[in-house]
Amino acid sequence: MSRIHSLEINNFRGLKHFEHIFTNQSFVCLIGRGDSGKSTILNALDAVLSPNWYYRFYDTDFYDGNTNEPILIETSIRDVPDELLSDTKFGLYKRLLNENNEIIDDFFEETPGCIDILTIRLTVEDDLEPKWHVVSNREGQEEIEIRASDRARFNLFIISDYIDRHFTWGKGSPLYALLKRGFEDIDTDGILVNANRKAYQNMNQPDAFAAFNDIISKIKKTAASLGLPIEVLQALIDLKNILVTEGNISLHDNTKIPFRLKGKGTRRLLSIAIQLELVKAEGGIILIDEVEQGLEPDRVKFLVKQLKKSSKGQVFVTTHSNNVLVELDANNIFLKKENQNGLFSFNEHFQGCLRRNPNAFFAKRVIVCEGATEVGICRALDNYRIKNDSSNIEHLGISLVDGTGSRFVEYCVAFKNAGFDVCAFCDSDDSDIKKKKIQLEENGIKVIDCNDGNSIEQQLFHDLPWSKVRVLLEYAAKEKSYQSITTQLSVTALDSLEDSDDNRKLIGEKAKGQKEEKGWFKNIEHGEKIGTIWFDSLNEIKNTRLFREYEELMAWIDKK
């Protein structure tokens, strides 16, 4: 049940240097923007543990095409098959991993919590010839070559756009590995040869090719005229064209259509099924690039659930799909940022955020909103930008995150630690959050908030022109009921309210709400409505805090 413990990559494709420790993670989902290196990580794993005796490399596989610096891919593997740890194989090269501190020891100082690992290194120099070795840092010990047949014991397979061979019993395919596992003491190659012979005999019946008889008769006659008499000439299947090495024994559906001709999603699912069957008994490592490709949302969600349940083996996937993320635990997700040499791993504190805001994990930058009202306001701002021919915030790689009030500061800090550029959009009425804003700013997070002591509702009713205050009152009355709003404001009719500081203060407090009475605008839809009114009033509210908040949001969104 081999698993990748750690991986180091040097000078391979878009990665100058990369390293990460995966510990004993059974399911790894790599996310990140395009060209961040996710697929390259999978390709590196595929190369370093390739079961093929030869793996083709090109000059373009070198970082920046620089063949003067060799490609080095090194992985340490835990739960190594016992036969590979025997002294006749690589037992003298095994290393010890201390699971308590993730330190690898080359000197056999065994302590509780230590397990055996092997470190495999792939080197490719400018001659483009790949070389695989088992290595350790033990002084005086030279590295030892590991052959394809031994690398095949790790059972690593990659799902890509070129998986047709997975549906055949050709050597090196997962179906071939399953056959060998089922007939360990029998000549499996002989089984395949005999299967081909039987197929040959069944296909070559005398009447199967009657349509060719006239042509054959003419050819025989012409051949005889040239001095080549032929007693029997017939059309039959040439056995050389169905040699087992050509993988012609393959899976077909009930209509006798080869699975290699099926749609991409169906082919990928069948390939994954074959590999899961293989790892059930022996374990293994499955690599799936863009797991959602070719699959409807419901099918990909179900697939991810099943892959997570797989108790044996290890699965690496890449994705750009929200449908994948919402089915995962936060600690399954690893973020690869461009120009970073490792991965950021999320923890359980992100779980709620992951369910509510999966799109944010694919963004470059995030605006963490204190609550749903602020999320709606930012959506209204985006609509205002589009209407005025400015860039959509999503086109700028910006996503909105609902901080749900209580998790607001935590989300800000966590996204910042993950390498995101973060803006915090919040009220100024929560004393606990107020104390932590200095911490946010010290961490390089832009904080955009109201005047001291004000919620966003209080700021709105303080700064907006009275005509827009009336619009908001009518909207609240429609949503909450006219009577509930007039009762809260102690008036018989909203029209009786006049513009005054006291009335603005009262309306703002009631709109904000208290613990026992929910506020008027506490969801995204309401936030979008009040945001629309806000941004339609910009010419009337200059020199107010609301106008400065608008300017600060726009400046952060448009910064280069």
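Here is a walk through this protein, from the whole chain down to a few chosen spots.

Keep in mind from the start that you are looking at a predicted model. The protein has 560 residues, and 48% of them are buried. Its accessible surface adds up to about 28000 Å², with carbon and sulfur atoms supplying 47% of that. If you count up the secondary structure, you get 18 helices and 18 strands. How much of the contact network links residues 24 or more positions apart? Taking the contacts with a separation of 6 or more, such pairs account for 70%.

Let's begin close to the start of the chain. Strand β1 covers residues 3–12, strand β2 covers residues 15–21, and the two pair in the antiparallel sense over 6 bridges. Look at Phe12 in particular: its bridge partner in β2 is Leu15. The two strands make a hairpin with 2 residues between them, and Arg13 there takes a positive phi near 50°.

Next comes β3, which belongs to an open sheet of 6 strands. Reading across that sheet, the order is β10-β11-β12-β3-β13-β14, and the pairing is mixed. At the edges sit β10 (156–159) and β14 (344–345), each of which pairs on one side only. Between β3 and β13 (residues 333–335) there are 3 bridges, and these two strands run parallel. One pair to pick out is Ile31, whose bridge partner in β13 is Leu335.

Follow the chain out of β3 and you come to Gly32, in the loop between β3 (27–31) and α1 (38–48). Is Gly32 buried or exposed? The cut-off for buried is under 20% relative accessible area, so Gly32, at 3%, counts as buried. Leaving aside residues up to four places away in sequence, Gly32 touches Lys38, His320, Leu335 and Lys336. Leu335 is familiar by now, as the bridge partner of Ile31. Gly32 also shows how sequence and space can part ways: Thr319 is 287 residues away from Gly32 in sequence, yet their C-alpha atoms are 8.3 Å apart.

Further along, there is an open sheet of 4 strands, ordered β16-β15-β17-β18 with parallel pairing. Here the edge strands, pairing on one side only, are β16 (398–402) and β18 (446–448). Ignoring direction, neighbouring strands of this sheet are turned by 20° against each other on average. Strand β15 (residues 365–369) joins β16 through 5 bridges in the parallel sense. Within that pairing, Val366 has Ser399 in β16 as its bridge partner. Helix α10 (residues 372–387) packs on the sheet, where it touches β15, β16 and β17 (421–425). The direction of α10 makes about 155° with that of β16.

Our last stop is a pair of helices, α14 (residues 466–480) and α15 (residues 482–489). Two packed helices are described by the angle between their axes and the distance between the axes. For α14 and α15, the axes come within 6 Å and cross at roughly 120°, and the two helices are therefore oblique to each other. Which residues meet here? From α14 come Leu473, Ala476, Ala477 and Lys480, and from α15 come Tyr482, Ser484, Ile485 and Leu489. Sorted by type, the residues of this contact are 6 nonpolar, 1 polar and 1 charged.

Methods: Residues numbered from 1 in each chain as written. Predicted model: local features only at pLDDT ≥ 70, side-chain atom pairs only at ≥ 80, totals over all residues. Heavy atoms only, no water. Axes fitted to C-alpha atoms, helices over the stretch in contact; angles between N-to-C directions. Parallel < 35°, antiparallel > 145°, perpendicular 65-115°, else oblique. Contact = heavy atoms within 4.5 Å. Nonpolar A, V, L, I, M, F, W, Y, C, P; charged D, E, K, R; others polar. Buried < 20%, exposed > 50% of the residue type's maximum accessible area, 1.4 Å probe, protein only. Pairing = 2+ DSSP bridges. Areas by Shrake-Rupley, 256 points an atom, 1.4 Å probe, with all protein chains shown as cover.
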